[in-house]
Amino acid sequence: MDLRFGDSKPTDEERAAVDALLGPPESSWEGADRSDADLRWARGGREARDRRDQLLPALHALNDRVGWISEGALDYVCRRLTVPPAEAYGVATFYAMFSVRPRPATVLHVCTDLACTAAGASRLCAAVESRLGPESGVKVERSPCLGLCERAPATLVIRAGESARPAQEDTPARPAFEDEAVQAEGGSGGAAPGDGGGTSRSSEAESGGGKGRRGRNTLHATAICAPATPDRAIAAATAPESAPTEPAPEAAVPQAGDPTLTLLHRIGTADPTSLDDYRAHGGYTALRRAFALGAAAVIREVTDAGLVGRGGAAFPTGRKWQATAAQPDHPHYLVCNADESEPGTFKDRVLMEGDPFALVEAMTIAAYATGAHRGYLYLRGEYPRALARLTHAIEQARTRGLLGDDVLGQGYAFDIEIRRGAGAYICGEETALFNSIEGRRGEPRSKPPFPVEKGLFGKPTVENNVETLVNVLPILTMGAEAYAAIGTPTSTGPKLFCVSGTVARPGVYELPFGATLGELLALAGVRDNLRAVLLGGAAGGFVRPDELDIPLTFEGTREAGTTLGSGVVMAFDDTVPLPRLLLRIAEFFRDESCGQCVPCRVGTVRQEEALHRIADRTGAAAADDIALLREVGRAMRDASICGLGQTAWNAVESAIDRLGAYE
């Protein structure tokens, strides 16, 4: 028996938010006033079911306009898309940024993850919560990592409602409450010619594509305050006009302006809002060479360059592309994973904010090589400026013939649609991400079949993260041999590292593979009283101060018994309480587990409980709980369905074994 919402009705504002995305209902079966025709037949059932992938955008539209999702609004969405209410409720409650209970229109998210915890996030939270009571009209929520680790502690303010001014993605960042106007999900997409699917996924009206299309009028305002103090965070939430201006992306790149940079060379030198400036700095040279080479030769170049995934799995990119391109089933899809939610990671954010056209070009090349005509860019919901910059870049590329029916006059059709996440770490896993786009709970799928065979919408899909895709541009401009000469024979090319914590110059650093951890920390200005370094984020492992000669390569970190992961390097001095950090890691995995498999769902809770018990104990008193932690950790690693459960014990294990955390 399915869930029912009784007599709950949507308000006019809620209906308007949904209709702005999906268009007005065509019959009473979808929520329109009943007519004589509706009494004789039902229309639109199959077409509505084909729009299931619009469920997440519809929830965003409601949350952006009203601030929460009522039963009546959810019931209206279910009628429009013919989604069972129980399934829609399961999706709405899956994401941390949504609420199905009434809350104020303004929500202040205070990051409490690792870098922010080390920078005093608990004191910030306590001060803000004590001063912002219910009468303030602001809801304070403790948040996992906001991707602003270089400016910890960080806060994000989101204010629901219809903006009084239109979106201005074309303009540079401006002060006041909103850094750049952020639109609802429906306005960030675009129709893909040649999609071949014959469903709403190729319908301009239903995808809510470019300027002037449906879904453009539901706006919400955002403000980022980092580094935050109680006064600044409260002012950003209660006095929009006093919100701080977001610094330029190059502020997060200590090497900005260095002519030897490969991936970051345009950040700080080219205007990220200008397509002409991007092309003047070498933009679209790689795409032209890709068309000159042909799709098969592009894949060979990527394979010969030795490029592997930069998200942590390090799977050879060329093999993934070749496997997708060879599939006879069509259409093929390209998915860019821009949902970097690993605590300590912010490199993709800096790339998207500082060089958005590079990602658009790289996605076009990847799609051309793999035979895809439609791409989805899945962007984490906590990145408002990246959303605005990428939306503008996609629209400019479409206007100038670099996306659309005939890319660069080559007879190749490709377009990109942005899909916003809503606060779910698990959606960084590729199959969970596919489920999220399709309008389902973001839970991982069992493999096989692998995404190259049956991925998004059951079709062959290639999925890469932002840094991996951007690496394709220098491969094509300098050639595979020259690219492979950078780094080491088995870890080729440049790598981006996110350095944060107790260092003098936190930010994104670009180094060739093979540089040592000590060399990187010397650039960042590590302090003398270093206690530990966390590599790979919450899913990574700790190393000691006497292990700074570890080479930053996939094989080097593996031999050292740790992991490179996505490039997180978080330094902690002896003023940071290590047991509190470990407890925060355990809390993070407990909260972010999707709950689909028992080892992870139960194991993450047991891990947190054990760490609570031994927080103030050492030696023999903690021995039994440490033994329990090892047993639970092995079970999660061996039996969890995806990487979240398999790595949830890594950091705690390394802290016990390498750092003697509880001795």
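Helices (H or I, at least four residues) and strands (E, at least two) are DSSP runs, numbered from the N terminus. The model is predicted: local features need pLDDT of at least 70, side-chain atom pairs count only at pLDDT 80 or more, and totals for chains, interfaces and linings use all residues. Residues are numbered from 1 along each chain as its sequence is written, and side-chain values use heavy atoms, with hydrogens and water left out.

**View 1. Two cis peptide bonds lie in the loop between helix 17 and strand 9.** Most peptide bonds are trans, and most residues other than glycine have a negative phi. The bond from Lys447 to Pro448 is cis, with omega near -5 degrees. The bond from Pro448 to Pro449 is also cis, with omega near 5 degrees. Pro448 is found in the loop between helix 17 (430-437) and strand 9 (461-465). Pro449 sits in that loop too. So does Phe457, whose phi is positive, near 55 degrees, although Phe457 is not a glycine. Phe457 counts as buried, at 17% relative accessibility. Buried means under 20% relative accessible area, exposed over 50%, and partly exposed in between (1.4 Å probe, protein chains only).

**View 2. Ala314 has a positive phi.** The value is about 60 degrees, and Ala314 is not a glycine. Ala314 lies in the loop between helix 12 (295-305) and helix 13 (317-325).

**View 3. Strand 12 pairs with strand 13 and strand 14.** Two strands pair if DSSP finds at least two bridges between them. Strand 12 (residues 530-535) has 5 of its 6 residues buried, so it is largely enclosed by the rest of the structure. It is joined to strand 14 (residues 568-573) by 5 bridges, and the two run antiparallel. Here Leu535 stands opposite Val569. Another 3 bridges join strand 12 to strand 13 (residues 541-543), again antiparallel. Leu534 faces Phe542 across this pairing. Strands 12 and 13 form a hairpin with 5 residues between them. In the turn, Gly536 has a positive phi of about 85 degrees.

**View 4. Tyr333 and Tyr376 form a tilted aromatic pair.** Rings of Phe, Tyr and Trp (its six-membered ring) pair if their centres lie within 6.5 Å; planes under 30 degrees apart count as stacked, over 60 as edge-to-face and the rest as tilted. The structure holds 15 aromatic pairs. In this one, Tyr333 and Tyr376 are 6.3 Å apart centre to centre, with 55 degrees between the planes. Tyr333 lies in strand 6 (residues 332-338) and Tyr376 in strand 7 (residues 372-379), so the pair ties together parts that are 43 residues apart in sequence. Both tyrosines are buried. Elsewhere, Phe291, Tyr368, Tyr412 and Phe414 form one aromatic cluster.

**View 5. Two charged residues lie over ring faces.** A charge sits over a ring if NZ of Lys or CZ of Arg is within 6 Å of the ring centre and within 35 degrees of the ring normal. Arg380 lies over the face of Tyr383, at 5.1 Å from the ring centre. Lys495 lies over the face of Phe497, at 5.5 Å from the ring centre.

**View 6. Cys427 is buried and has no disulfide partner.** A disulfide is counted for a pair of cysteine sulfur atoms within 2.5 Å. The structure has 0 disulfides by this rule. The closest cysteine sulfur to that of Cys427 is in Cys594, at 9.2 Å, too far for a bond. Cys427 has a relative accessible area of 1%.
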